[in-house]
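Me: Could you take a close look at one part of this protein with me? I would like to start from its nonpolar interior and work outwards.
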Amino acid sequence: MSRVPLIDARNASDEAKPLLDDITSAFGTTPAMFKAVANSPAALKMMWAGFGALGGGRLGAALGEQVAVLVADRNSCEYCLAAHTALGRKAGVSAEDMGHAQAGHSHDPRTDAALRFAAKLVQDRAQVTDADVEALRTAGFDDEEVVELVAHVALNLFTNYVNVALSVPLDFPKVALRQAG
């Protein structure tokens with residue numbers, strides 16, 4: 001049971017209602033995470049805008065979803081792991097590749113570099129080195145993409161924290177965590 005009410009468009013504030021309507025249009029339903037965040041229209045606005053901005057970024061949906069499952073697994077966020085596994089499959093990533101991403105690696109060198117960097121950001125609380133950033137550049141990431149990758153990790157940390165801290169109920173097919181909580 002969620003630790004906060006799950007707000008839907010029918011009982012949302014005037015500020016949250018249009019955002020929830022947009023979210024429902026995008027997903028065909030309103031996922032529970034958005035209903036939980038709708039308790040704060042400011043947080044909902046920030047989160048939805050972040051998804052929109054990064055969704056239109058240069059890294060692309062496939063890599064964004066692979067980073068998301070890695071971050072979710074590291075934070076023991078069953079909700080985000082389930083949601084982003086489904087979204088990754090929708091973005092064309094194979095189930096096998098989503099599993100590899102969850103474990104922190106990829107057969108694709110560029111994706112592998114991004115996952116290693118994302119894992120280090122989470123594990124070491126952003127205390128990365130010049131060599132860590134240089135490894136991304138060697139894999140073909142430019143400065144814009146490096147910053148965008150950090151933004152993906154940061155947005156996923158927020159959603160992981162919301163879902164874990166507030167016990168948001170799972171409404172996507174469950175995926176097993178690999179990391180101990």
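How many residues are in the largest nonpolar core, and which have the most contacts inside it?

Reply: Happy to! Please keep in mind that this is a predicted model. The largest nonpolar core has 51 residues, and those with the most contacts inside it are Leu 20, Leu 44, Val 67 and Tyr 79. Helix H7 (residues 109–123) supplies the largest share of this core, with 8 residues. In soluble globular proteins, nonpolar side chains tend to be buried together.

Let's zoom in on Leu 44. Setting aside neighbours within four places in sequence, Leu 44 is in contact with Ala 16, Leu 19, Leu 20, Ile 23, Phe 34, Val 37 and Ala 38. Among these partners, Leu 19, Leu 20 and Ile 23 are also the buried residues of helix H1, which covers residues 17–27. They lie on the same side of H1, because they cover an arc of only 95° around the axis. An α-helix has 3.6 residues a turn, so residues three or four places apart point the same way.

What lies over that side? The cover of the buried residues of H1 includes helix H2 (32–37) and helix H3 (41–55). Just after H1, Gly 28 takes a positive phi of about 80°.

For another spot, try Asp 143, which sits in helix H9 (residues 143–165). Asp 143 is partly exposed, with a relative accessible area of 48%. The side chain of Asp 143 makes a polar contact of 2.6 Å with the side chain of Arg 137.

Definitions and conventions: Residues are numbered from 1 along each chain as its sequence is written. This is a predicted model: local features need pLDDT of at least 70, side-chain atom pairs count only at pLDDT 80 or more; totals for chains, interfaces and linings use all residues. Side-chain values use heavy atoms; hydrogens and water are left out. A nonpolar core is a set of buried Ala, Val, Leu, Ile, Met, Phe, Trp, Tyr and Cys residues joined through side-chain atoms within 4.5 Å. Buried means under 20% relative accessible area, exposed over 50%, partly exposed in between (1.4 Å probe, protein chains only). Helices (H or I, at least four residues) and strands (E, at least two) are DSSP runs, numbered from the N terminus. Contact means heavy atoms within 4.5 Å. The arc is that of the directions from the helix axis to the C-beta atoms. A polar contact is a pair of N or O atoms within 3.5 Å; within protein, one must be able to donate a hydrogen and the other to accept it, and residues adjacent in sequence count only if both atoms are side-chain atoms.
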